[in-house]
Amino acid sequence: MPGLNDTLLIFTDIDGTLLDSHTHEWQPAEAWLTRLRQREIPVILCSSMTAAETLAIQKLVGLQGQPFIAENGAVIQLDARWETHKNAPRVINGASHDQIMTVLTPLRENEGYKFTTFSDLEVSALVELTGYTPAQASLARLHEASETLIWRESDERLAKFEADLSRFGLRLVQGARYWHVIDQRDGKDQAVNWLTRQYGEHEGKQYTTLGMGDGPNDAPMLDNVDFAIVVKGFNRDGVTLRHDEPSRVYRTTQTGPAGWREGLDHLFGSF
């Protein structure tokens, strides 16, 4: 089991993990965020959200200057201290949002797929759909290297859609509430591994990694860290891990930020 005196990196999903999916509440996690900040333990947000959304959430929860992983690994923001890093301040991986849309639009027109992308929706419609504020909805539309969509057909048609995407070097990732289209070369796991190596090189330390998530798209990340906390979620498929040993994985009984706190209490002891 890891300890707070270890050299730690904590990677955490946002929606449904650090934040409640419906109310966007995060306060149950506040005490732990403060404690980790005081110990200078990086808390790296890692989600399907856009970089613009993630920057706003960093400010909300007091994580400014920390690196983050956005759009399921397609976008990586570096630690603010690494001003001399060749990729500073941000890495964009794989296909751009515009390139992805040049695939999605004709696929929908030619194959008759029934889905709605976030780019299709005006801010007011996205507010009604997601429960976001207008400001949050505006940020959620600012994709740089992915697209979020709502699927409106059968699982059989979804499988065909995935096969069609693969012909263009793209893939579909299932999040806590929505589907996300990204470059096949991207993923939370690749981003976590790359960023962990960057920490080792820049800080000259060997890190113990902890991942926290609630959705199927978190599984690759959780399989590529030393210890994993699976926060109880609402997705029908749950989170299936390749390495699900009890010595490495803890599954919470609570959801959202309460589950986030529960997982850290389990690993490090409550306070």
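Helices (DSSP runs of H or I, at least four residues) and strands (DSSP runs of E, at least two residues) are numbered from the N terminus, and in this scheme Val231 belongs to strand S11. The model is predicted, so local features need pLDDT of at least 70 and side-chain atom pairs count only at pLDDT 80 or more, while totals for chains, interfaces and linings use all residues. Residues are numbered from 1 along each chain as its sequence is written, and side-chain values use heavy atoms, with hydrogens and water left out.

## The chain as a whole

The secondary structure of the chain comes to nine helices and 12 strands. The C-alpha atoms fill a box of roughly 55 × 40 × 35 Å, taken along the principal axes. The radius of gyration, taken over C-alpha atoms and compared with a globule rule of 2.2 Å times the number of residues to the power 0.38, is 18 Å, which agrees with the value near 18 Å for a compact globule of 271 residues. Buried residues, meaning those under 20% relative accessible area (exposed is over 50%, partly exposed in between, with a 1.4 Å probe and protein chains only), make up 53% of the 271 residues. Of the contacts (heavy atoms within 4.5 Å) in the chain with a separation of 6 or more, 61% are between residues 24 or more positions apart.

## The nonpolar cores

A nonpolar core is a set of buried Ala, Val, Leu, Ile, Met, Phe, Trp, Tyr and Cys residues joined through side-chain atoms within 4.5 Å. The largest such core has 33 residues, of which Leu33, Leu36, Leu210, Trp260, Leu264 and Phe268 touch the most other members. At least two residues of this core come from each of several elements, among them strand S1 (8-12), helix H1 (30-38), strand S10 (208-213), strand S11 (227-232) and helix H9 (256-268). H9 gives the most to this core, with four residues. Leaving out residues up to four places away in sequence, Leu33 touches Leu18, Trp26, Val43, Val61, Leu63 and Trp260. A second, separate core of 24 residues includes Ile44, Trp194, Leu222 and Ala228.

## Three buried residues

The table sets out the location and relative accessibility of three residues.

| Residue | Location | Relative accessibility |
|---|---|---|
| Val231 | strand S11 | 1%, buried |
| His180 | strand S9 (residues 179-183) | 5%, buried |
| His24 | loop between S1 and H1 | 17%, buried |

Not counting residues up to four places away in sequence, Val231 touches several residues, including Gly16, Thr17, Gly213, Asp214, Thr252 and Trp260. The C-alpha atoms of Val231 and Asp218, which are 13 residues apart along the chain, are separated by 10 Å.

The side chain of His180 makes a polar contact (a pair of N or O atoms within 3.5 Å, where within protein one must be able to donate a hydrogen and the other to accept it, and residues adjacent in sequence count only if both atoms are side-chain atoms) with the side chain of Thr148, at 3.1 Å. With its neighbours within four places in sequence left aside, His180 is in contact with Ser48, Asn72, Glu147, Thr148, Arg171, Leu172, Val173 and Gly175. On the same basis of leaving aside neighbours within four places, His24 is in contact with Leu19, Thr130, Gly131, Tyr132, Gln136 and Arg177.

## The four-stranded sheet

Strands of a sheet pair through backbone hydrogen bonds, either parallel or antiparallel. Two strands are taken to pair if DSSP finds at least two bridges between them, and an open sheet of four strands has the order S6-S7-S9-S8, with antiparallel pairing. Strand S6 (115-117) and strand S8 (170-174) stand at the edges, each with a single partner strand, so one side of each has no neighbour in the sheet. Neighbouring strands of this sheet are turned by 35° against each other on average, direction ignored.

Three bridges join S6 to strand S7 (residues 147-151) in an antiparallel arrangement, and Thr117 has Leu149 as its bridge partner in S7. Five bridges join S8 to S9, again antiparallel, with Asp183 in S9 as the bridge partner of Leu170. S8 and S9 form a hairpin with four residues between them, and four of the five residues of S8 are buried.

Angles run from 0 to 180 degrees between N-to-C directions, with axes fitted to C-alpha atoms, for helices over the stretch in contact. Helix H3 (residues 97-111) lies across S6, S7, S8 and S9, running at about 155° to S6. Helix H6 (residues 155-166) also packs on the sheet, touching S6, S7, S8 and S9, and its direction makes about 140° with that of S8.
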